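Q: I have a new model open and want to learn how to read it. Can we work through it feature by feature?

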Amino acid sequence: MKKEIGNVEIIIEKWKGIKGSLIMALHELQHLYGYVPQKGAQQISTAFKIPLSQIFEVITFYNLFKLKEPGKHTIAVCLGTACYLKGAPDILNELKVLLKVEEGGTTKDGQFNLDVVRCLGCCGLAPVMTIDGEIYGKVKKNEIKDILAKYKKKEQK
Ligand code: FES
């Protein structure tokens, strides 16, 4: 995900000098790239006159920030109570096997992120997973291969 460096400068200009704005600037940086790239964090560090070490403390404290470039597609498996009881752990394990990735990780080809969430608010559809926000309900282990294939095909177009 390559973006123009000018976009980081726009974020810096927007938030520089505003008290308590570091997190907002980091949010926008992550929104721009899908993660917080070291170079962008360095630019913010210089512009805000905040040591890079302090910026990384903030990034690692809040687990919503990502330090690694995410895969093109984000899979989220719900492990909330309803989904858990309806077999979500099996869904998660199948995804791990098929994608050869652990939760929180990105596949080697950079196509998929595998995340775990707690309740997506549609428990009646348990077990639920999403891919790029698209909801898959009442997922069966043997359907996962076909679901993933849809996204792999999109990449080939
Ligand atoms: S527990 Fe999975 S959607 Fe609510």
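Q: In the protein chain, what share of contacts between residues at least 6 apart in sequence join residues at least 24 apart?

A: Keep in mind that this is a predicted model. Set aside contacts between residues fewer than 6 apart, then see how far along the sequence the others reach. Here 60% of them join residues at least 24 apart.

Q: Which secondary structure elements does the protein chain hold, and in what pattern do they follow along the sequence?

A: Count first, then read the order. The protein chain has seven helices and four strands. The pattern runs α-α-α-α-β-α-α-β-β-β-α.

Q: How is the protein chain divided into domains?

A: Take the bounds, then the centres. Domain 1 covers 5-61, and domain 2 covers 73-156. Their centres, taken over C-alpha atoms, are 31 Å apart. For overall extent, use the principal axes: the C-alpha trace spans about 50 × 35 × 20 Å.

Q: What percentage of the residues count as buried?

A: Of the 157 residues in the protein chain, 23% do.

Q: Take one residue. Is Ile11 buried or exposed, and why?

A: Count C-beta neighbours. Buried calls for 20 or more within 10 Å. Ile11 has 22 inside that distance, so it counts as buried. Ile11 sits in helix 1, residues 5-15.

Q: Which residues does Ile11 touch, leaving out those up to four places away in sequence?

A: Ile11 touches Ala25, Glu28 and Leu29. Look also at Ile44, which is 33 residues from Ile11 along the chain. The C-alpha atoms of this pair are separated by 8.8 Å.

Q: Now a whole helix. How does the reach of helix 6 fit what is expected at 1.5 Å a residue?

A: Go from the first C-alpha to the last. Helix 6, residues 88-99, has 12 residues and reaches 16 Å. The expected value is also 16 Å, and the match is close.

Q: Which residues of helix 6 are buried, and where do they fall around its axis?

A: Start with the general idea. An α-helix has 3.6 residues a turn, so residues three or four places apart point the same way. In helix 6 the buried residues are Ala88, Ile91, Leu92, Leu95 and Leu99. Seen down the helix axis, they fall within an arc of 100°, so they line one face.

Q: Which residues are exposed on the other side of helix 6?

A: Asn93 and Val97 are exposed there.

Q: What follows helix 6?

A: Check the backbone angle just past the end. Lys100 comes after helix 6, and its phi is positive, near 55°.

Terms used
Residues are numbered from 1 along each chain as its sequence is written. This is a predicted model: local features need pLDDT of at least 70, side-chain atom pairs count only at pLDDT 80 or more; totals for chains, interfaces and linings use all residues. Helices (H or I, at least four residues) and strands (E, at least two) are DSSP runs, numbered from the N terminus. The expected span of a helix is 1.5 Å times one less than its number of residues. A residue is buried if 20 or more other C-beta atoms lie within 10 Å of its own, exposed if 12 or fewer, and partly exposed in between; C-beta atoms are placed from the backbone. The arc is that of the directions from the helix axis to the C-beta atoms. Domain bounds come from an automatic or database domain assignment. Two residues are in contact if their C-beta atoms, placed from the backbone, lie within 7 Å.
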